[in-house]
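Got the model open in your viewer? Let's walk through it one selection at a time.

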Amino acid sequence: MQLSPSAHLDSFARDSLPPPQQWPQLVFDLPELAYPERLNCAEELLEGTMSRHGADRPCLRAGDGATWSYADLRDRANQIARVLTEDLGLVPGNRVLLRGPNNPMLVATWFAVLRAGGVVVTTMPLLRAGELRTIGEMCRPTIALCDARFTEDLDKAGIQGLAVLPYSGTEPDDLTAQMAAKPTDLQVVPTAPDDVALLAFTSGTTGKPKATMHFHRDVLAIADTFATHVLKPRADDVFAGSPPLAFTFGLGGLVIFPLRAGASTVLLEKAAPPDLLAAVAAHRVSVLFTSPVAYRASLGLLGELDLSSLRRCVSAGEALPKATWEAFHAATGLKIIDGIGSTELLHIFIGSADDEIRPGSTGRPVPGYRAQIVDESGAAVPDGELGRLAVIGPTGCRYLADDRQQAYVVNGWNLTGDTYIRDADGYYWYQARSDDMIISAGYNIAGPEVEDALLRHPDVLECGVVGAPDEQRGTTVVKAYVVLREGVPASPETVTALQEHVKAEIAPYKYPRLIEFRDALPRTNTGKLQRFRLRAEAETGAETETDAETDAETDSESAG
Ligand code: 3UK
């Protein structure tokens, strides 16, 4: 594998790539994936798009109504890039940590870092000092640009050699004040297509986080595959969504895809379902990116809202239950595009739109990607049989200096950790995370299938299904944790009603023998259900601490 000459003076990123023999196979099957020898994705997404669509089009829309044109974003990114290089000493290849809620300034800092040849490390505003410290140790940033409301945990993290510059604050040395004094022109650093552009952390549910490394060409490749061929955005589209830009689902859906298409994007600091739907109505949003749980929650909120501007809805992060797809379709007439993506592959690699959708299935591989279902030895299994999902495409897994590379990439294929079935028509049907398959009395039971059945009951708001040890029988039984609709009693009668309902929906041996009611379910900061916590609770019979509680304790310890 031959890499192009790097434009980085600080070679940390290239030096931290996995050894060549551990890389996934990369395929560039589509003509649009033949990128030039010098490529800066932040130039392509601004100057490139402006040359095709014009510079004065609306680009970023803040929740409060402020609108930035493409030219405004370019100018502000250039001013910030000048602060980075002229005042903070950034040299190409340095990592810059970004921290703040989704808003135009966060996007401007993202572009500034890339235009100056830096490597972006966007972090979730929810992360606390300990988590930020780990990220700092792993990717050794020299500069952090941080929303002035979120500096406390970053300061507390005490990352060595890090200069923290706040933005959107009131101090005289704030970035917002400093950038105003800078000219708006800039020599964009002519990076190599395979220079590292960003480090993205996996939302992994356990253990030390993993940093995935993505090139300038990867940023464009996700738009030139999933967006161009499945989403098919138009220049007059208005995008919006809930995922934070630190989650690559949000970065692609809310920045890369709209800007590659000349469209505009609404950036919301708060994007819980009520805020999100209000923004859809207020900004006439046409393309929406959010999670399966949010689509389900929005069903109860549609009421008076005018959502007639929506033409495309994308769901990812977790499986979209068929029940949710159907209920949303019945309520709105819209066909949600379910897509499976991962931080390792940067964005969605299986997903279908419009009449190609088969509700309950993730769809077919996105043009540019190839998938297969394999057994433990890596050999393809026949259609209709359970196996592990394996994928290759123009993007692929490269962990920063991490042995777990060899678990994700086997024989050149990316193994996502998901159990799937492919049908004879080439559609992929998600079963469960491979670790989450429940084996009960010799049967393979996929938790999400039981969840889908439960979600068809009108009293169920959310649920999570795991295997629980049954000591008396010496086996594992199916256990459901259920959040009930308001006003429904958590009674033995409700338990029986839900069990009977599941038995009528799917093969009766899959029904949850145990049901426990909860006010909420444990989720990661990207909104994924933490089944491992439910499993631990099912084993010990005790509720585990949520992340927030764990953090609060750590904080009070360090304060005391
Ligand atoms: C699961 C899904 C079923 C699956 C992501 C879109 O979720 C993203 O990245 P993560 O690294 O997690 C990857 C894992 O999440 N998953 C995601 N989407 C689906 N399972 N159906 C789906 N539609 O286990 C996968 O291996 O957090 C999603 C775009 C960018 C992303 N980073």
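Start by colouring two stretches: residues 69-191 are domain 1 and residues 439-521 are domain 2. Put a marker at the C-alpha centre of each and you'll find the markers 46 Å apart. Keep in mind as you go that this is a predicted model.

**The sheet**

Next, switch to cartoon and pick out the open sheet of 8 strands. Reading across, the order is β2-β1-β10-β9-β11-β12-β13-β14, and the pairing is mixed. Where does the sheet stop on either side? The edge strands are β2 (67-69) and β14 (348-351), each with pairing on one side only. Sight along the sheet and you're looking at a twist that averages 25° from one strand to the next.

Now zoom in on β1 (residues 58-62) and β10 (residues 264-267). These two strands run parallel, joined by 3 bridges. For one pair to click on, take leucine 60, whose bridge partner in β10 is threonine 265.

Add helix α3 (residues 70-87) to the view. Helix α3 lies across β1 and β2, and runs at about 85° to β2.

**Salt bridges**

Time to turn on side chains. How many salt bridges are there? The count comes to 43, and a few of them make good stops.

Select aspartate 354 and arginine 312 first. Their side chains meet in a salt bridge, 3.1 Å from N to O. Aspartate 354 sits in the loop between β14 and β15, while arginine 312 belongs to strand β12 (residues 312-315), so this contact ties together parts that are 42 residues apart in sequence. Are the two partners buried or exposed? Arginine 312 counts as buried because its relative accessibility is 7%, below the 20% cut-off. Aspartate 354, with a relative accessible area of 38%, is partly exposed.

Move on to aspartate 402 and arginine 404. Here the closest N and O atoms of the salt bridge are 2.9 Å apart. In this pair the aspartate is the buried partner: aspartate 402 has a relative accessible area of 14%, whereas arginine 404 is partly exposed at 29%.

For a bridge within a helix, go to α15 (residues 492-505). Lysine 503 and glutamate 500 both lie in this helix, 3 residues apart, which is about one turn. Their salt bridge has its closest N and O atoms 3.7 Å apart. Both ends are partly exposed, with lysine 503 at 30% relative accessibility and glutamate 500 at 44%.

Then select five residues together: Arg82, Glu86, Asp87, Lys182 and Asp185. What links them? They are joined in a network of salt bridges.

**One last loop**

Finish with glutamate 376. You'll find this residue in the loop between β15 (370-374) and β16 (387-392). Show the surface here: glutamate 376 counts as exposed because its relative accessible area of 66% is over the 50% cut-off. From there, draw a C-alpha to C-alpha distance to arginine 533. The two residues are 157 positions apart in sequence and 26 Å apart in space.

Terms used
Residues are numbered from 1 along each chain as its sequence is written. This is a predicted model: local features need pLDDT of at least 70, side-chain atom pairs count only at pLDDT 80 or more; totals for chains, interfaces and linings use all residues. Side-chain values use heavy atoms; hydrogens and water are left out. Two strands pair if DSSP finds at least two bridges between them. Helices (H or I, at least four residues) and strands (E, at least two) are DSSP runs, numbered from the N terminus. Axes are lines fitted to C-alpha atoms, for helices over the stretch in contact, and angles run from 0 to 180 degrees between N-to-C directions. Contact means heavy atoms within 4.5 Å. Buried means under 20% relative accessible area, exposed over 50%, partly exposed in between (1.4 Å probe, protein chains only). Domain bounds come from an automatic or database domain assignment. A salt bridge is a side-chain nitrogen of Lys or Arg within 4 Å of a carboxyl oxygen of Asp or Glu.
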